[in-house]
Every structure is written in structure tokens, then in C-alpha cells.
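User: Hey, got a minute to go through this model with me? I'd like to talk about its holes, its surface and its charged pairs.

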Amino acid sequence: MELPFAESWKIKMVEPIRKSTREEREEWLKEAHYNVFQLKSDQVYIDCITDSGTGAMSDRQWAAMMTGDEAYAGARSFYELKDTITRITGFPYVIPTHQGRAAENVLFSALVKEGDIVPGNSHFDTTKGHIESRKAFAVDCTVDIAHDTQLEAPFKGNVDIDKLEKVLSENKDRVPFIIVTITNNTAGGQPVSMQNLREVRKVADKYGKRVIFDSARFAENAYFIKSREEEFKNATIKEICREMFSLADGMTMSAKKDGLVNMGGFIATSHEDWFEGAKKYCIPFEGYLTYGGMNGRDMAALAVGLDENTEFEMLQTRIHQVEFLASLLDEYGIPYQRPAGGHAIFVDADLILTNVPKEEFPAQTLTIELYKEAGVRGCEIGYILADRDPVTRENRFGGMDFVRLAIPRRTYTDNHIRVIAAALKNVFDRRDRITRGVRIVWEAELMRHFTVQLEPLA
């Protein structure tokens, strides 16, 4: 008999979570203006709003925290972290920040100016926000197959090389760099192939441009390369990571994902001029260059987390749980971005709530219904997150409308996954009776989905 798949870790500590009634949840939603970001964590039973900073740290990480060096300048923990980053990525210049959007803020302050054009593959909301807040433009060059959610294709996060070449040929002098997100979160947690990264590098070299990787989930991207590209089937995750980063000039990192920590991030680069430019903004925005918004104990934990999460068994366990949720949704006939992503399932709200017009935000409506059903908190990655066009101020309805069910690392059991799937099935079974969505009653000018206030139109 073949042995069943099991986790590559055992549980050492638990945290209680509270169940609630539907009546309580309906009242809490009303108080939160139907924005699940505004719910209190103890009002949530299973929290899939993000995998960012919500995972469980290992015994090695907790042990490392006890030896963290809290010196203001020149902390030993910084050099341990720097050495780990350089060993995995090859980049010699490292600046720590308190999280990924801080890394973007520091680096983009040095590199992005008004009128610039930054091409990439489905810039995530903070990336796009940091570009557009500087009166520059983010141009999406993701492959078109990413929009066909029911198509099985191994690398739907890829950059469309023809689109990229067109942007560069028409706007060469306005492009400060190319950015590639690995994995491509907004497209459904979809990976980017090594072949595609090589093609991006070739085009970048042709036009004399540099390449940045948005690297929050670079280890998961490496896992998919190992699993889906024949050339790398016998390579280690760390070997694949070095190959990936050899095709970039620098990276920003939200370490709260593949770094397995609750807070932290960094910039790394091979170019001294980028390093010097970013240094000018790190000190006023984040802190001194050897802590940059992070405690010594957090840097120590991150060094261990990066090492742990660039091993195959850790990634296999993590991605298997996402695939397990996908298998349950397949059983129930619930459409999602196929194949399953590395960190989340992206449920296709447009294919489920077909009676809810896009102007009433189907994915946000589905997010609300899922929370009311079982206290499961997902996250809209769709028309609300897309914000308004910075020029016309019209809602951007051209992308995909997902409910992201992000799975925190080493946190929930497969029974929790079964609850998520069953709750979504219950909503799916009554989808024809959901005919109205929500409208916006208040929104911020930029990155509105975090604080937007809504009301139901039923």
C-alpha cells in the first residue's frame, strides 16, 4: 500500500480559535462596512485574507530570536541575514526594511519619477500604488492565457515578451526598469518559468534596461520550475533560486511570505548605484542601514526562515495543502484560476455570481457571503483592488475578479481546509439566488480596498 502524503513537520504549539453564529457575523460585517479587512481577528474562524505574516515559525526560528543582536548599528543579526540573502540570491548589496511595501517605497523613491512607465506582469496593488503615487504608469504585460481561468497551463504568470518589447520600443527613455513578480499574485499565484525569465533578460539587455524581481514568493516559484520545467527536475530549490536571480539586477522582498516571518523585508541588488540611491531613503524612511525597520531578533528569524523555505520538502508540504483545497473545489465544481497557485486558491467570482453585474463587485460580494456562511475570511483580488484609472478615474473592470483564499504556512490542518471548501460549496449551491452586490460609499484615492466602505444593494 502506498503511504499517504503527510506534512514535513509536527505541531508543537496551538492557538485557540473561536466559532461564531451567523447572526453575530452579519452584525460584525455591518459594523465593518462590509469590508472584511475591518473585522477583528477574533471575529474570524479561519483566516485566509492573506499568507503575509500569518504563518507559524519553526523551533529553529524561535531559537534564533533568542540570540538576536539588537545593536543599533552593525548588528551581528544583520550580517547573518545579509550572508544568507547573498548565498541564496547572489546579490551582494542588501538593505533591510520592515516589509515589502517599504522596500518598494525606498527603492522606487530612488528610481521612479513622474511620467515613467514600468512594465511588468500584473503588478500587485502596493507595487502599482508606489508607481502611480509618483505619477508614473504601471503597464501590465502578462500573457493573455492568464485571463482564461479554466485553462490548464503551467506558467500563466509569464511576461508576454511581445507586449514587453512593444512598451520598450515605444517608450525606451521613459522605462526606469522592468519588474517581474514571482509568483504572479494578481494573476492567481501563477508561476513564471525560467525560460520566460531568460527571455525577459534578453529583451532587457537589448534595450539597456535593468530587471527587478518582486520576490515575495520566489521559493514557491522555484518549486514550480522544478516541478514543471524538465531542465530543472534534478536541481535543488537553492540552485534554481540562484539561477533565477542571476537573471535580475535586484529584488524587493516581503519576507512575510516566503521568508516565514511575521514582519520584515529587504532590498537586494548587484548594482552599487542602486544601493547608494536606496541608502539615501532607507535612513529617513526606515532606519539605519543595518536594521532598516527590523529588530535584530526578527532578522535572525528571517535568516533561518529563508534557509528553511528554500528546501524542497518544506515547499512540497505547503503547496500540497493548496492543491488539496483545489481538489475539493474540483469535486464540488467550483471554478478557480487553474492550475492551483502556490500560496492560494483564486476563486473566479465572475463565473460563480453570474447574476451580479461587475459594477456591483461580484468577488467582494462572494467574499462577504463566504464570511457570513462560516466565518471564513477571504480577500477580494479584483475590481475593487484594481482601483480607478489614475487619469480617467473610472473603475478598472478589465482584469479578473477573484476571491483569494490564501493559506498561511504551517498554520491550519487539512480539516480546516475541508471547512473552507464546504462553506464555499454552500454559497456556490445558492449562487443563483444572489442577484445583487455592493456599492462603494467611501474610498481612499489609492489602494482603496484596505479601507473601502461598502453597503449591500439587496
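Analyst: Sure, here is a walk through the pockets, cavities, salt bridges and a few single residues.

User: Ground rules before we start?

Analyst: This is a predicted model, where local features need pLDDT of at least 70, side-chain atom pairs count only at pLDDT 80 or more, and totals for chains, interfaces and linings use all residues. Residues are numbered from 1 along each chain as its sequence is written, and side-chain values use heavy atoms, with hydrogens and water left out.

User: OK, pockets. What volume does the largest pocket have?

Analyst: About 1400 Å³. A pocket here is an open set of points on a 1 Å grid over the protein atoms alone, with protein on both sides within 12 Å along at least five of seven lines, and lining residues have an atom within 4 Å of a point. The volume is the space filled by probe spheres set on the points, which are joined across faces, edges and corners.

User: Which residues are closest to its centre?

Analyst: M13, G55, A56, R410 and T411, out of 35 that line the largest pocket.

User: And which elements supply at least two residues of that lining?

Analyst: Among the helices and strands, β1 (46-47), α2 (59-66) and α12 (312-332) each supply at least two. Those elements are DSSP runs numbered from the N terminus: helices are H or I with at least four residues, strands are E with at least two.

User: How does the lining of the largest pocket split by class?

Analyst: There are 15 nonpolar, nine polar and eleven charged residues. Ala, Val, Leu, Ile, Met, Phe, Trp, Tyr, Cys and Pro count as nonpolar, Asp, Glu, Lys and Arg as charged, and the others, Gly among them, as polar.

User: Now the closed ones. How many cavities of 30 Å³ or more are there?

Analyst: Three. A cavity is a set of grid points where a 1.4 Å probe fits but cannot get out. The largest cavity holds about 90 Å³ of space. It has 13 lining residues, and the closest to its centre are W9, T317, R318, Q321 and R410.

User: Which helix gives the largest share of the lining there?

Analyst: α12, with five residues. By class, the lining of the largest cavity has four nonpolar, four polar and five charged residues.

User: What lines the second largest cavity?

Analyst: N35, V36, F37, Q364, C379, E380, I384 and H449. The second largest cavity has a volume of about 50 Å³, and its lining divides into four nonpolar, three polar and one charged.

User: Switching to charges. How many salt bridges does the structure hold?

Analyst: It holds 41, taking a salt bridge as a side-chain nitrogen of Lys or Arg within 4 Å of a carboxyl oxygen of Asp or Glu. One of them joins the side chains of D307 and R87, at 3.5 Å from N to O. That pair links distant parts of the chain, 220 residues apart: D307 is in helix α11 (residues 296-308) and R87 in helix α3 (residues 76-89).

User: Is R410 in any network, and which residues are linked with it?

Analyst: R410 is linked with R60, R87, K238, D307, E308 and E311 in a network of salt bridges.

User: What about E170, which residue does it pair with?

Analyst: K166, with the closest N and O atoms 3.0 Å apart. Both lie in helix α6 (residues 161-171), four residues apart, about one turn of the helix.

User: Is E170 buried or exposed?

Analyst: E170 counts as exposed because its relative accessibility is 52%; the rule is buried under 20% relative accessible area, exposed over 50%, and partly exposed in between, with a 1.4 Å probe and protein chains only. K166, at 48%, counts as partly exposed.

User: Where does I179 sit, and is it buried or exposed?

Analyst: I179 is in strand β5 (residues 178-181), and it counts as buried because its relative accessibility is 1%. I179 and V200 are 21 residues apart in sequence and 9.8 Å apart in space, C-alpha to C-alpha.

User: And I283, where is that one?

Analyst: Helix α10 (residues 272-285). At 46% relative accessibility, I283 counts as partly exposed.
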